[in-house]
Amino acid sequence: MKKTLIMLTALFLSLSLCVGASAVTIAFSQIGQESDWRTANTDSVSNAIKAEGWDYVYDDAQQKQENQVKALRNFISQNVDYILFTGVVSTGWDEVLKEVNEAEIPLVLLDRMPDNIDDIEYAAAFGGDFVEEGRRMALWTANYVKKLGRENEELNVVILEGTTGADAATGRQNGITEILKDYPNLKVIASQTGNFTRAEGQAVMESFLKAHDKIDVLLAHNDDMALGAIESIKAAGLQPGKDIIIVGCDAPKTAFDAIIAGEMNATIECTPLYGPFVVDALKKLMAGEELGREVIHPEESCFDAEGGIVYSLDGRVSEKAADKIGERLY
Ligand code: GZL
């Protein structure tokens, strides 16, 4: 009896090892947990991969480039089957991504793109159109100001920029600047990084309020910084959303809550829900298909308190946050 039990256990173990050996390992070098968007992005990708039964190696770099370089090298030494990567900044990846290529591990680029993308091999790439998102922030603002009948008033604009050196920040800043050229009454008097976090957005907005007597508009490269700034605006005895028009980007539920409360005016959508199309791409790659670079969310919306405001150069109209909050998935 005992002998049979030992034999059955050995058989079971070898079978499970055999099954384990054929399992695919996906590794993900994620930037950190700096914002609601990032948390939703991590959950979406992680849950989708785990649902496939693939082995999964996840690394949170706490917004430090050196941690991402270490993680990528660890993935190589672990000989994972696929690497998912979004870099905290655009530069400084040449050496380590060359090592990934030399290890012949397929690289899937998500969200923020390395500036040497044209010099490396990658199996697939999904990212937003950050310049368009910036254009939409500024165009919505110009049209809202017109709706208020203030288009001939000189309005002081401050900008909370995302992480210095990230294409999400440089792209949005370029889009904002491009549109504001057509609206000289919207005058940028200060622009500084808040690193995409609430805490830093709050601190930088506090410094803006101390340095400038009159601030009429805040453009924040993401909603977390806008939500932090709202705290500083209130602490200064001003009414966010009224004394200062506040426009963000990402469109998490927390921004909808602030818009519905009248403390924020609009947010431009940029979906973090990459899980389904990352899994779809991985399956196609496993089946031997060739993929390329794809902008995944050109159809994003803009949400505000009233709806009906044009926010894009192709004439799209904003939607009322209160009508749409029930559908939000992040
Ligand atoms: C945008 C993404 C940005 C978000 C921020 O695709 O890279 O990073 O806008 C996040 O919330 O920190």
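A polar contact is a pair of N or O atoms within 3.5 Å, where, within protein, one atom must be able to donate a hydrogen and the other to accept it. By that criterion, in this predicted model, the side chain of Ser-207 and the backbone oxygen of Val-204 form such a pair at 2.5 Å.

**Figure 1. Overview of the predicted protein chain.** The chain comprises eleven helices and 13 strands, and its C-alpha atoms occupy a box of roughly 90 × 45 × 35 Å along the principal axes. Of its 330 residues, 52% are buried, while about 14,800 Å² of the chain is exposed, with carbon and sulfur atoms supplying 52% of that area. When contacts between residues at least 6 apart in sequence are considered, 72% of them join residues at least 24 apart.

**Figure 2. Helix 7 and the elements that cover its buried residues.** Helix 7 runs over residues 198-211, and the distance of 20 Å from the first C-alpha to the last of its 14 residues is close to the 20 Å expected at 1.5 Å a residue. The residues buried in this helix are Gly-201, Val-204, Met-205, Phe-208 and Leu-209. Viewed down the axis of helix 7, these buried residues fall within an arc of 145°, so they line one face of the helix. An α-helix has 3.6 residues a turn, so residues three or four places apart point the same way. The cover over the buried residues of helix 7 includes strand 6 (155-161), strand 7 (186-193), strand 8 (217-220) and helix 8 (223-235). On the face turned away from the buried side, helix 7 carries the exposed residues Ala-199, Lys-210 and Ala-211.

**Figure 3. Ser-207 in helix 7.** Ser-207 is partly exposed, its relative accessible area being 33%. Its side chain reaches back to the backbone oxygen of Val-204 at 2.5 Å, and Val-204 is itself among the buried residues of helix 7. As a longer-range reference, the C-alpha atoms of Ser-207 and Cys-302 are separated by 28 Å, and these two residues lie 95 residues apart along the chain.

**Figure 4. Helix 10 and its packing partners.** The twelve residues of helix 10 (residues 275-286) should span 16 Å at 1.5 Å a residue, and the 16 Å between the end C-alpha atoms agrees with that expectation. Buried in helix 10 are Gly-275, Val-278, Val-279, Ala-281, Leu-282 and Leu-285. Around the axis they cover an arc of only 160°, which puts them on the same side of helix 10. These buried residues pack against one other helix, helix 2 (36-51), and against strand 1 (25-30), strand 3 (82-85), strand 4 (107-110) and strand 5 (124-127). After helix 10 comes Gly-288, which has a positive phi, near 90°.

**Figure 5. Two residues other than glycine with positive phi, Asn-195 and Ala-251.** Most residues other than glycine have a negative phi. Asn-195, whose phi is near 55°, is found in the loop between strand 7 and helix 7. Ala-251, with phi near 65°, lies in the loop between strand 9 (245-250) and helix 9 (253-260). Although Ala-251 belongs to a loop, it counts as buried, at 0% relative accessibility.

**Figure 6. Cys-249 and Cys-270, two buried cysteines.** The relative accessible area is 0% for Cys-249 and 2% for Cys-270. The sulfur of Cys-249 has its closest cysteine sulfur in Cys-270, at 5.5 Å, which is too far for a bond. The relation holds in the other direction as well, since the cysteine sulfur closest to that of Cys-270 is in Cys-249. A disulfide would require the two sulfur atoms to lie within 2.5 Å, and the structure as a whole holds zero disulfides.

**Figure 7. Glu-132 and its side-chain partner Arg-136.** Glu-132 has its place in helix 5 (residues 130-147). With a relative accessible area of 15%, Glu-132 is buried, because the cut-off for that class is under 20%. The side chain of Glu-132 makes a polar contact, at 2.6 Å, with the side chain of Arg-136.

Definitions and conventions
Residues numbered from 1 in each chain as written. Predicted model: local features only at pLDDT ≥ 70, side-chain atom pairs only at ≥ 80, totals over all residues. Heavy atoms only, no water. Helix = DSSP H or I, 4+ residues; strand = E, 2+ residues; numbered from the N terminus. Expected span 1.5 Å × (residues − 1). Buried < 20%, exposed > 50% of the residue type's maximum accessible area, 1.4 Å probe, protein only. Arc of directions from axis to C-beta. Contact = heavy atoms within 4.5 Å. Areas by Shrake-Rupley, 256 points an atom, 1.4 Å probe, with all protein chains shown as cover.
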